[in-house]
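The following account leads the reader through one protein chain, beginning at a single residue and widening to the whole fold. Please keep the sequence and the structure in view while reading.

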Amino acid sequence: MQVKVLSTSDVHGYFNADDFRRPLNNTEMGLARAVSVMQIETDKLTDEDLVLKIENGDFIQGSPLTNYIEKIDQKDLPLYDDLAALAGYDVRIIGNHEFNYGRIYLEKALQSQNVLNANILDQKSQTPFLGRPYRIFQKNDLKVGVIGLTTKFIPKWEPEKNIKGLYFADPVMIAKKYIKILRPQVDLLILAYHGGFECDLKTGQPLGRINGENQGYELSQLEGVDALITGHQHRLLAEKFNGLVMTQPGYRGEAVGVMDFAFDEKQKLINSEAKLISTKTTPKNSKIITRLSPLKVKVDQWMDQSIGQVGHQMEIIDHQLARIQSHPFVELINRAQMDAGQTQIASTTIFNDEVRGLKNNVTRRDIMTNYVYPNTVVVESLTGQEIIDAIEVSARYFKLTANDNLSINPHFLFPKVQHYNYDLWTGIDYTIDMQKPMNQRVKAVMFQGKQLKLDQSYEVAVNSYRSNGTGNFKMYQASKIVREVQIETADLIADYIQQHQPLNFDQPHNLKIIGYQKLS
């Protein structure tokens, strides 16, 4: 008998083969293609075999379509359950981004009965606030157990109002609890975990700072587990080690994780394999497209609304150069944050290399495909020393080669690309000297023409993600929050453009990086 386990993870609202950008549109991804891959794999089985389909979290947030539903028309909330049903998911896991719109919204969006959640608990009852901890699936005499787990790091990212009344238990401890219960009952035991790997699978060496965000390696070491489905890091992984098979199927439906298990007539596992199947050339599932079609029309009309003009310098052509000398598009985001937060200093980031900046004539689509997260603006009071410390954290993003060429620190590229943890500032002038040791690189920080005073407090506007200290920016803390602006940053950018017409920012000159020969 065969058991086939198919999984997607981190679809992030990219249900169609469309990344919403115009031009440079990427159509080689999306749930509609992933569902077709899963159907092709399912068709390979006989009636005696068992197939399980698992959606591993971060499903209801992350695209302009999901923003439209949350902001404009929540009558479309049933879409998420409808798409999951059309995809045929037997199991759905809660991702960290599921909480971006708040607990109440999440509970409305995930109303199907197949949600598995073992470690996010109601504080009062100490039971899963949504879904159930595990399920047992049976075909003939063979039984398969699946335990659902989510990264415990969510309170580090989300404001209290989004997770009120919830307790995020350690997934490793919870997994141990349910393995003891399930292992005697099943022939195959699977952990579906919305989280990634903190250590190299072969060597066990840390891949970065161990902080509890990713505990996949710990979970892989638990006795009694046959398979581990992971996500969150957006990596493409399919491996077998120490008898355990593992997958992580990337981002936005770009791949499907496939696990195959063979059993003998006594339900003994005799072989297991793991692989990924790319979705980019697979035809789109027609049922998914049909369900999306009415909403797609409304979303496209909304996104193509004209916002204003921003001049001809807002396009990002060279991302590395933009991070070295800042960019007018960065200046725009920081100015919008400063305007909303009523500050004279702000910092932001170029999230990834898909951020292309803006052409002169700007639509809502342009803004939303450049600023894709539902961040808000938070104003914190930082001392001059803490501002310098924050810049030092960003300065770790760079590394010198043996020839003194400037390159990106590998820790920001592997195991997960983290361009979003390098911040650029407006309102201060600063220099980073690459010839200095790490944490001693920042020099000549000026505010309004004068040296930044180390013991003086300054109000700084940052996004809500950074305000919790994420990305190793420990100087940002909830206790330092002065005020918050409860409007999403993408909307603030649109408002700023409309209120400051005509708008045209020159190339900023407030950042200097010195002590290197050339870009690597």
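**A walk through the predicted model**

I428 has a relative accessibility of 1%, and because buried means under 20%, this residue counts as buried. The model in which I428 is examined is a predicted one. In the chain, I428 occupies the loop that links strand 21 (423-426) to strand 22 (429-433). Beyond the neighbours within four places in sequence, the contacts of I428 are I345, I387, I391, V445, M446, F447 and N510. Y134, by comparison, is separated from I428 by 294 residues in sequence and by 52 Å in space, taken from C-alpha to C-alpha.

Strand 22, which follows this loop, belongs to an open sheet of four strands in the order 24-23-22-27, with mixed pairing. Strand 24 (450-451) and strand 27 (511-514) form the edges of that sheet, each pairing on one side only. Four bridges connect strand 22 with strand 27, and the two are paired in the parallel sense. Within the strand 22 region the reader may locate T431, which stands opposite K512 in strand 27. In a regular strand, side chains alternate between the two faces of the sheet.

A second open sheet contains six strands, again with mixed pairing, in the order 4-3-2-1-13-14. At its edges stand strand 4 (115-116) and strand 14, and each has a single partner strand, so one side of each is left without a neighbour in the sheet. Inside this sheet, strand 1 (residues 2-8) and strand 2 (residues 50-55) pair in the parallel sense through six bridges. V3 has L50 of strand 2 as its bridge partner.

Towards the other end of the strand order, strand 13 (residues 255-263) and strand 14 (residues 269-278) run antiparallel and are joined by nine bridges. D260 stands opposite E273 in strand 14. Strands 13 and 14 make a hairpin with five residues between the strands, and there Q267 takes a positive phi near 60 degrees.

The helices offer further examples of burial. R466 lies in helix 13 (residues 464-467) and is buried, with a relative accessible area of 2%. Leaving aside neighbours within four places in sequence, R466 is in contact with Y420, N421, Y422, D423, G471, F473 and Y476. In helix 14 (residues 489-499), eight of the 11 residues are buried, so the helix is largely enclosed by the rest of the structure. The buried residues of helix 14 are T489, A490, D491, L492, I493, A494, Y496 and I497.

These elements can now be placed within the whole chain. The protein chain has 14 helices and 27 strands. Its radius of gyration is 24 Å, close to the 24 Å that the globule rule gives for 520 residues, so the chain is as compact as a globular protein of that length. Along the principal axes, the C-alpha atoms fill a box of roughly 80 × 50 × 50 Å. Of the 520 residues, 59% count as buried. Among contacts with a separation of 6 or more, 74% are between residues 24 or more positions apart.

The surface and the charges complete the description. About 21,400 Å² of the protein chain is exposed, and carbon and sulfur atoms supply 48% of that area. There are 58 positive and 61 negative side chains, and the centres of the two sets lie 1 Å apart.

Technical notes: Residues numbered from 1 in each chain as written. Predicted model: local features only at pLDDT ≥ 70, side-chain atom pairs only at ≥ 80, totals over all residues. Heavy atoms only, no water. Buried < 20%, exposed > 50% of the residue type's maximum accessible area, 1.4 Å probe, protein only. Contact = heavy atoms within 4.5 Å. Rg over C-alpha atoms; globule rule 2.2 N^0.38 Å. Areas by Shrake-Rupley, 256 points an atom, 1.4 Å probe, with all protein chains shown as cover. Lys, Arg positive; Asp, Glu negative; His and termini not counted. Charge placed at Lys NZ, Arg CZ, Asp CG, Glu CD. Pairing = 2+ DSSP bridges.
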